[in-house]
Amino acid sequence: MKKKPIIFAIFILSSLIVMSAFNANTLQAQEPIANLTFKTNGGGVRPDYGLYIAQYLRDIGIEVEVKVEEWVVFLGTLFLTHNYDLGVVTLTGGGATPGARDVWMEDGSLNIFGLGPDLPYGNQSEIMQDLSVTLVDPVERQALLYDWQQLMMDKIIPILPLYSSRSYVGLWANTLGYDSRWGLSDSLPYMSYAGYHDGQDSLDEYNDADANWKELNPLFSDDASSSFIYGLMMEPIVQMNPDYAPLKTGLVYDWDQIDETHYQFWMMDDIYWNPSYNSTDRDANSDPLADIPTGELMVGLKNGEYSDGTNQQVTAKDAVFTYVAWANKVISESTSYHEWISDIYVDPLDELSFHVHIDGDPDSVEIEPFADMWAMLPWYVLPEFFLNSTDPTVTYTEGGVETTGLYANMILTDQWVAFSTSAFGCGKYSLDYSIKSSVTVMERWDGWYGKGAIDGTTGMTPFVKNINVRVIPDSSAALAEFKAGKLDVVGLGEFPAERKQMQADAKFQVQTYVGSSLTFMFYNLRRPFIGGVDNFDYLSESGKEEYTVGVAVRKAINYAINRDEINAVIHDGEYQVAHSVVYPSQAYFYFNDIVKYNYDIDASFEWLEAAGYPIPERTPFPVFGIIAAIGAAAFIAFFRKRK
């Protein structure tokens with residue numbers, strides 16, 4: 001083989017590669033049109049989002065420094081220093097109230113964007129949000145919220161919506177009727193077992209896993225593990241479906257709107273409180289619940305009465321007491337949930353009916369409707385006979401309702417203390433016993449009123465006698481127990497590989513739903529380049545006169561970020577790409593025909609140019625790369641031929 005042609009070919013190939021690298025390095029060395037600071041907190045994938053965002057924005061001439069902070073420091077950054085241009089956070093919960101005014105209003109506690117009525121279209125946004133909570137008619141409210149979402153994402157642009165995560169639940173194939181969107185409590189009357197699954201010992205128990213619960217009084221509970229337990233024992237006053245629409249399938253079976261600020265509700269008859277068992281000191285060796293004599297049942301604070309399951313009826317006074325208790329700062333730390341209730345009382349002619357008067361803005365003189373009232377009605381009903389008192393002290397709720405029976409330090413009484421660990425309700429199950437860091441065992445209450453929440457079917461019964469909730473806070477350990485057949489259900493969100501195996505295995509079933517969360521990249525609208533004074537400088541280009549320079553820059557940034565690619569790499573393409581300031585899970589109010597910022601580098605350059613910034617040269621690297629590849633192929637062919 002001749003050496004000179006080979007040396008010449010190597011020289012050509014090396015030259016092409018160097019030219020390609022030189023050209024790329026030359027482009028990277030160009031002066032950026034802006035230098036921005038991106039901040040988020042450590043843990044999870046949010047720092048990874050930041051690195052991808054920085055990479056995409058470099059393509060349009062913007063350099064981004066990604067800074068990851070500890071959670072406490074990051075909170076200070078968001079609410080005190082505001083020394084960021086961009087960042088990523090996740091909102092969770094609150095899915096029943098579309099719009100989240102505490103996020104998108106100037107005085108909202110979570111306004112990390114610098115939103116305010118001084119910004120172009122900002123005052124219009126505030127007016128629309130204020131109006132939205134007064135529109136009780138869902139069709140009118142939907143139309144208004146559609147317009148507001150379009151305004152936010154087209155003319156203001158405080159964020160680039162990223163994703164809503166999906167929840168995945170694994171079950172054995174023999175478990176029928178479970179609906180992960182409704183949850184276990186509402187699914188139980190519709191469920192059944194079709195034979196045994198591997199490792200299953202009994203068809204009369206259901207085995208789940210969770211962390212330790214902390215507090216069984218809903219007034220003081222703030223963790224999901226506790227609400228899971230008391231949700232099996234208690235029933236909501238008004239039932240709500242997974243799409244946050246009120247239903248007439250719960251304790252309240254009907255209502256009437258007297259006027260725009262006055263509603264009357266009717267509750268079902270012949271519903272009784274479960275026995276007031278004291279389960280605090282019980283364990284697996286205790287006598288059966290049914291054998292507990294009435295003399296050992298807990299007695300209430302009000303008149304020293306107990307419930308044996310047949311003697312204490314659930315009536316409207318229990319519903320009124322529940323709402324008043326939540327709204328009274330004497331015992332509640334969450335009074336704002338019901339500050340819109342200006343008056344509430346049992347109907348004087350019907351003990352199963354109660355009235356609610358509404359004032360959406362207690363601080364104003366006018367009496368206003370409050371559309372979000374429906375999101376605040378599905379509270380678990382509390383036993384008035386057990387938790388209320390005869391104390392004559394007069395107190396007032398946050399909305400101004402005069403109340404007697406609630407007084408300072410009543411939460412320190414024996415009844416209130418006991419209810420925190422040995423609660424009872426009028427629901428499907430009673431608490432048998434609970435052993436910390438081991439298991440909580442629930443026993444079916446056969447006196448449950450038998451009405452299915454999903455469709456209102458009557459005469460129903462939960463399908464198992466016992467529900468055992470084992471304390472397994474480690475998700476990997478829970479998965480191992482599930483695969484061994486010792487659990488009937490397991491969360492699979494952290495285990496995509498295992499989930500895909502189960503989806504292909506007939507022994508299992510996998511359910512999924514979009515959760516009530518929204519992860520987004522946010523802007524500091526008060527910072528230069530992406531906002532600041534550019535928020536008030538309107539474009540002169542034809543067709544873009546309604547937009548400002550700041551909005552044009554934010555549009556350019558949004559179009560430059562490839563959310564589909566990030567989703568594919570980090571989440572295997574399984575998260576739902578979001579497009580609005582409203583959760584995608586709020587399907588009725590979520591505006592899907594909104595302006596969408598799908599990856600479009602041409603649109604990005606168009607808006608950047610409209611904002612008056614020079615367009616970076618398009619990287620010709622692919623062209624040189626192709627030439628280099630051709631040269632390499634020619635070299636290899638030449639070498640093989642010589643060989």
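## Cores, sheets and salt bridges in a predicted model

Valine 72 lies in helix α3, residues 71-81. Helices here are DSSP runs of H or I with at least four residues, strands are E runs of at least two, and both are numbered from the N terminus. The model is predicted, so local features need pLDDT of at least 70 and side-chain atom pairs count only at pLDDT 80 or more, while totals for chains, interfaces and linings use all residues. Residues are numbered from 1 along each chain as its sequence is written, and side-chain values use heavy atoms, with hydrogens and water left out.

**Surface patch**

Valine 72 counts as exposed because its relative accessibility is 67%. Buried means under 20% relative accessible area, exposed means over 50%, and partly exposed falls in between (1.4 Å probe, protein chains only). Valine 72 belongs to a nonpolar surface patch with Trp71, Leu75, Phe79, Leu80 and Leu110. Together these residues have about 590 Å² of accessible area. Patch members have over 30% relative accessible area and no salt bridge; nonpolar side chains (Val, Leu, Ile, Met, Phe, Trp, Tyr) are joined within 5 Å, like charges within 9 Å. Areas come from the Shrake-Rupley method with a 1.4 Å probe; for residues, only the protein chains shown count as cover.

**Overall build**

The protein chain has 17 helices and 23 strands. Its C-alpha atoms fill a box of roughly 105 × 65 × 40 Å, taken along the principal axes. Of the 643 residues, 53% are buried.

In soluble globular proteins, nonpolar side chains tend to be buried together. The largest nonpolar core in this model has 77 residues. Tyr206, Phe265, Phe354 and Ile467 have the most contacts inside it. Helix α9 (residues 316-327) gives the largest share of this core, eight residues. Another core lies apart from it, with 76 residues, among them Phe38, Ile159, Phe589 and Trp607. A nonpolar core is a set of buried Ala, Val, Leu, Ile, Met, Phe, Trp, Tyr and Cys residues joined through side-chain atoms within 4.5 Å.

**Two open sheets**

Six strands form an open sheet in the order β2-β1-β3-β22-β4-β23, with mixed pairing. Two strands pair if DSSP finds at least two bridges between them. The edge strands are β2 (62-69) and β23 (576-577), each pairing on one side only. Strand β1 (residues 34-41) has seven of its eight residues buried, so it is largely enclosed by the rest of the structure. β1 pairs with β2 in the parallel sense over eight bridges. Asparagine 41 has glutamate 69 in β2 as its bridge partner. At the other edge, two bridges join β4 (residues 159-164) to β23, and these strands run antiparallel. Tyrosine 163 stands opposite valine 577 in β23.

The loop between β23 and α16 (601-610) holds isoleucine 594. Isoleucine 594 is buried, at 5% relative accessible area. Its C-alpha atom is separated by 48 Å from that of threonine 421, 173 residues apart along the chain.

Another open sheet has three strands in the order β20-β5-β21, with antiparallel pairing. Its edge strands are β20 (489-491) and β21 (508-514), each paired on one side only. The twist averages 25° from one strand to the next. Axes are lines fitted to C-alpha atoms, for helices over the stretch in contact, and angles run from 0 to 180 degrees between N-to-C directions. Seven bridges join β5 (residues 166-172) to β21. Glycine 170 stands opposite valine 510 in β21.

**Salt bridges**

The structure holds 23 salt bridges. A salt bridge is a side-chain nitrogen of Lys or Arg within 4 Å of a carboxyl oxygen of Asp or Glu. Three of them are listed below.

| Pair | N to O distance |
|---|---|
| Glutamate 546 and lysine 155 | 3.0 Å |
| Arginine 444 and aspartate 446 | 3.3 Å |
| Glutamate 606 and lysine 544 | 2.7 Å |

Glutamate 606 lies in helix α16 and lysine 544 in the loop between β22 and α14, so this pair ties together parts 62 residues apart in sequence. Glutamate 606 is partly exposed, at 38% relative accessible area. Lysine 544 is buried, at 8%. Both belong to a salt-bridge network with Glu541.

The salt bridge of glutamate 546 with lysine 155 links distant parts of the chain, 391 residues apart. Glutamate 546 sits in the loop between β22 (517-523) and α14 (549-560), and lysine 155 in helix α6 (residues 138-156). Glutamate 546 is partly exposed, at 47% relative accessible area, whereas lysine 155 is buried, at 13%. Aspartate 446 is exposed, at 65%.
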